[in-house]
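These are my notes from a pass through one model. I went from charge pairs to folds, then to surface and pockets.

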Amino acid sequence: MGIFGKYPREYNPKVHGPYMPGRFYGKPDTPLGQVKLGELGAWFARRNKSPQAAWGAVHRTYWRWAANNLHVRNSGFVPFGQAAMVMSIAFFFLLYGERSWHKHCKYH
């Protein structure tokens, strides 16, 4: 992804049609699940490790999730339940030190 808020450099409206934010427009590569163990180092070396690429991956993941769960006719409770679970897990780890039993135990 180029500059924040712009289309990716690989996107060509004449070739790809309407822009879909959850789609990767770069050169396709072997999926991680199909990479053999000996080829794993070369596969990681081909990855773009810039902050813009990381932001693009997070952005695409959110839009894929939103298209499947949030932007549908009858979404129901699923997207809100998933968001509540993610927040619960995040706060569990953030506050683990304050809730640890060993920290407050007077017998230890």
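Entry 1, charge pairs. I counted a salt bridge wherever a side-chain nitrogen of Lys or Arg lies within 4 Å of a carboxyl oxygen of Asp or Glu. The model is predicted, and side-chain atom pairs entered my search only at pLDDT 80 or more. With that cut-off, Arg 47 pairs with Asp 29, their closest N and O atoms being 2.8 Å apart. I then looked up where the two partners sit: Arg 47 is in the loop between helix 2 and helix 3, and Asp 29 is in the loop between helix 1 and helix 2, so the bridge ties together parts that are 18 residues apart in sequence.

Entry 2, the other bridge. How many salt bridges does a search of the whole structure find? I get two. Asp 29 also meets Arg 46, at 3.1 Å from N to O. Arg 46 lies in the loop between helix 2 (40–45) and helix 3 (51–70), while Asp 29 lies in the loop after helix 1 (13–16) and before helix 2, so this pair ties together parts 17 residues apart in sequence. For exposure I noted a relative accessible area of 32% for Asp 29, which is partly exposed. Arg 46 is partly exposed as well, at 47%. Arg 47 has 27% relative accessibility and counts as partly exposed, because buried would need under 20% and exposed over 50%. Through shared partners, the salt bridges join Asp 29, Arg 46 and Arg 47 into one network.

Entry 3, secondary structure. I listed the elements and found six helices and zero strands. Read from the N terminus, the order is α-α-α-α-α-α. The protein has 108 residues, and I find 16% of them counted as buried.

Entry 4, a contact across the sequence. I looked up Tyr 62, which lies in helix 3. Its relative accessibility is 38%, so I logged Tyr 62 as partly exposed. Tyr 62 and Gly 22 are 40 residues apart in sequence, yet I get 7.5 Å between their C-alpha atoms.

Entry 5, nonpolar surface. Which residues make the nonpolar surface patch? I listed Met 85, Ile 89, Phe 92, Phe 93 and Tyr 96, with a patch area of about 570 Å². Helix 4 (residues 78–94) gives the largest share of the patch, with four residues. Phe 93 is found in helix 4. I checked whether to call Phe 93 exposed or partly exposed: its relative accessibility is 60%, over the 50% cut-off, so Phe 93 counts as exposed.

Entry 6, pockets. Rolling a probe the size of a water molecule over the atoms shows where empty space is left. I recorded about 600 Å³ of space in the largest pocket. I counted 24 lining residues for the largest pocket, and Glu 10, Phe 24, Gly 26, Asn 48 and Arg 60 are the ones nearest its centre. Sorted by class, the lining of this pocket comes to 10 nonpolar, six polar and eight charged residues.

Note on methods: Residues numbered from 1 in each chain as written. Predicted model: local features only at pLDDT ≥ 70, side-chain atom pairs only at ≥ 80, totals over all residues. Heavy atoms only, no water. 1 Å grid on protein atoms, 1.4 Å probe; cavity = no way out; pocket = protein on both sides within 12 Å on 5 of 7 lines; lining within 4 Å. Points joined across faces, edges and corners; volume = space filled by probe spheres on them. Nonpolar A, V, L, I, M, F, W, Y, C, P; charged D, E, K, R; others polar. Patch = residues over 30% accessible without salt bridge, like charges linked within 9 Å, V, L, I, M, F, W, Y side chains within 5 Å. Areas by Shrake-Rupley, 256 points an atom, 1.4 Å probe, with all protein chains shown as cover. Helix = DSSP H or I, 4+ residues; strand = E, 2+ residues; numbered from the N terminus. Buried < 20%, exposed > 50% of the residue type's maximum accessible area, 1.4 Å probe, protein only.
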